[in-house]
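Below are questions and answers on one protein–DNA model. The sequence and structure come before them.

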There are 2 protein chains.
Amino acid sequence: MLATNLLFEQFDRDLRRRASMPTTYYEVLVRLSEAPGRRLRMSDLADRSQSSRSRLSHTVTRLERTGWVRRETCPTDLRGAFAVLTDAGFDALVAAAPIHVESVRTHLFDQLDRHQLEELRSVSERILEHLITIQDRPPSESDLLGDLTGRHPISDTAT
Amino acid sequence: MLATNLLFEQFDRDLRRRASMPTTYYEVLVRLSEAPGRRLRMSDLADRSQSSRSRLSHTVTRLERTGWVRRETCPTDLRGAFAVLTDAGFDALVAAAPIHVESVRTHLFDQLDRHQLEELRSVSERILEHLITIQDRPPSESDLLGDLTGRHPISDTAT
DNA sequence: AAGTTTTAGTTGAAATGTCAACTAGAGGGC
DNA sequence: GCCCTCTAGTTGACATTTCAACTAAAACTT
């Protein structure tokens, strides 16, 4: 947990310092850039960018103020809204992407050998698969109530 | 990044739902409980609990309001302050710890085999070592300016 | 078609985190 | 002692996130 926290902070620091863009913005811009027409429905974008709907709504409001994203109403569903990547937003992303890519390379990929990378991938996939499984079927009480008799001092898993 | 994000969110959800305690509080209480006299200087506590001094100061103010921590002035350094874990704070931690431990076991350790755990440990140590190294010696420009010629589509490292 | 329930998305308030400025005491040099 | 600088910690303003309440449209039910 310590390692991943510091790693994420490093990624964010690099992106802020060298591209003046927080990771939250970057994530949103990337998702939009990948989508056909560089546009996505708000909910869809929220899911893809690891964000709650509320948070995304606020974020997009800020991104509109910077001019990187604009909202458009959806013609087929009058409740709906599209977030659309502007040209300025695309330019900002093009400038930021190599910085982030290099940051990830420097601090993560270059530090690990081929075998470690393969294992990291397999670990991540395993955890992801597990989490998605339990999200589909919300956990019963018994899933988390194990026998704890004398097994752990308080600090065992804190870092 | 997706896996670790979801994993942390799951830990936090479990702790909030079943122990009414956010991970930030838990982290602080654990560090204090480990310290001799269940007390630490603010700066020391900030370092150990992955927090900025400012953030810790605010957090401790909130923890004082819940009655889990109290501040004490330092006799040998009049600028200094101790954060001290109260009995109520210790009780809250004793209640929360097994929940968190079980959460970590369920969502992380139980999902991986012996070999994956060993590799995950080695990966974490490697990354940690790297990050500590570059923190000691702040990065020169050239550390991050690599040759990017045509290597990465934008989305390569986004998740 | 009317009534009910979902779904999409926004909003404002409260909680939390960040940042820069600040107070005050410690420590060193002369 | 006096001056300068550094360290410990707090504070308040501001940015962001969370949470619950809300609007409005879609979708279903009968």
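Ala, Val, Leu, Ile, Met, Phe, Trp, Tyr, Cys and Pro count as nonpolar, Asp, Glu, Lys and Arg as charged, and the others, Gly among them, as polar. This is a predicted model, in which local features need pLDDT of at least 70 and side-chain atom pairs count only at pLDDT 80 or more, while totals for chains, interfaces and linings use all residues. Residues are numbered from 1 along each chain as its sequence is written, chains are lettered from A and ligands numbered from 1 in the order in which they are written, and side-chain values use heavy atoms, with hydrogens and water left out.

Q: How do the residues of the surface near DNA strand C divide by class?
A: A residue is near a strand if one of its heavy atoms lies within 4 Å of it. Of the 20 residues around DNA strand C, those that come nearest are A:Ser43, A:Ser57, A:Arg71, A:Arg79 and B:Ser54. By class, the surface near strand C divides into four nonpolar, eight polar and eight charged residues.

Q: Which side chain has an N or O atom 2.4 Å from a base nitrogen of DNA strand C?
A: A polar contact is a pair of N or O atoms within 3.5 Å; within protein, one must be able to donate a hydrogen and the other to accept it, and residues adjacent in sequence count only if both atoms are side-chain atoms. The side chain of A:His58 has an N or O atom 2.9 Å from a base oxygen of strand C, and that of B:Arg55 has one 3.1 Å from a phosphate oxygen. The base nitrogen at 2.4 Å is paired with the side chain of B:Ser54.

Q: Which element gives the most to the surface near DNA strand D?
A: Helices (H or I, at least four residues) and strands (E, at least two) are DSSP runs, numbered from the N terminus. A polar side-chain atom of A:Arg55 lies 3.0 Å from a phosphate oxygen of DNA strand D. The elements giving two or more residues to this surface are α2 (23–34) and α4 of chain A, together with α3 and α4 of chain B. With five residues, the one that gives the most is α4(A).

Q: What share of the atoms of DNA strand D within 4 Å of the protein belong to sugar or phosphate?
A: A phosphate oxygen of strand D is 3.0 Å from a backbone N or O atom of B:Ala81. A base oxygen of strand D is 3.1 Å from an N or O atom in the side chain of B:Ser54. Bases make up the rest of the atoms within 4 Å, and the share from sugar or phosphate is 70%.

Q: Within what arc do the buried residues of α4(B) fall?
A: Buried means under 20% relative accessible area, exposed over 50%, and partly exposed in between (1.4 Å probe, protein chains only). In α4(B) the buried residues are B:Leu56, B:Thr59, B:Val60 and B:Leu63. The arc is that of the directions from the helix axis to the C-beta atoms. Seen down the axis, these residues line one face of the helix, because they fall within an arc of 105°.

Q: Which residues of chain B are in contact with A:Val123?
A: A:Val123 lies in helix α6 (residues 114–136) of chain A and is buried, at a relative accessible area of 6%. Contact means heavy atoms within 4.5 Å. Leaving aside neighbours within four places in sequence, A:Val123 is in contact with B:Leu112, B:Gln116 and B:Leu120.
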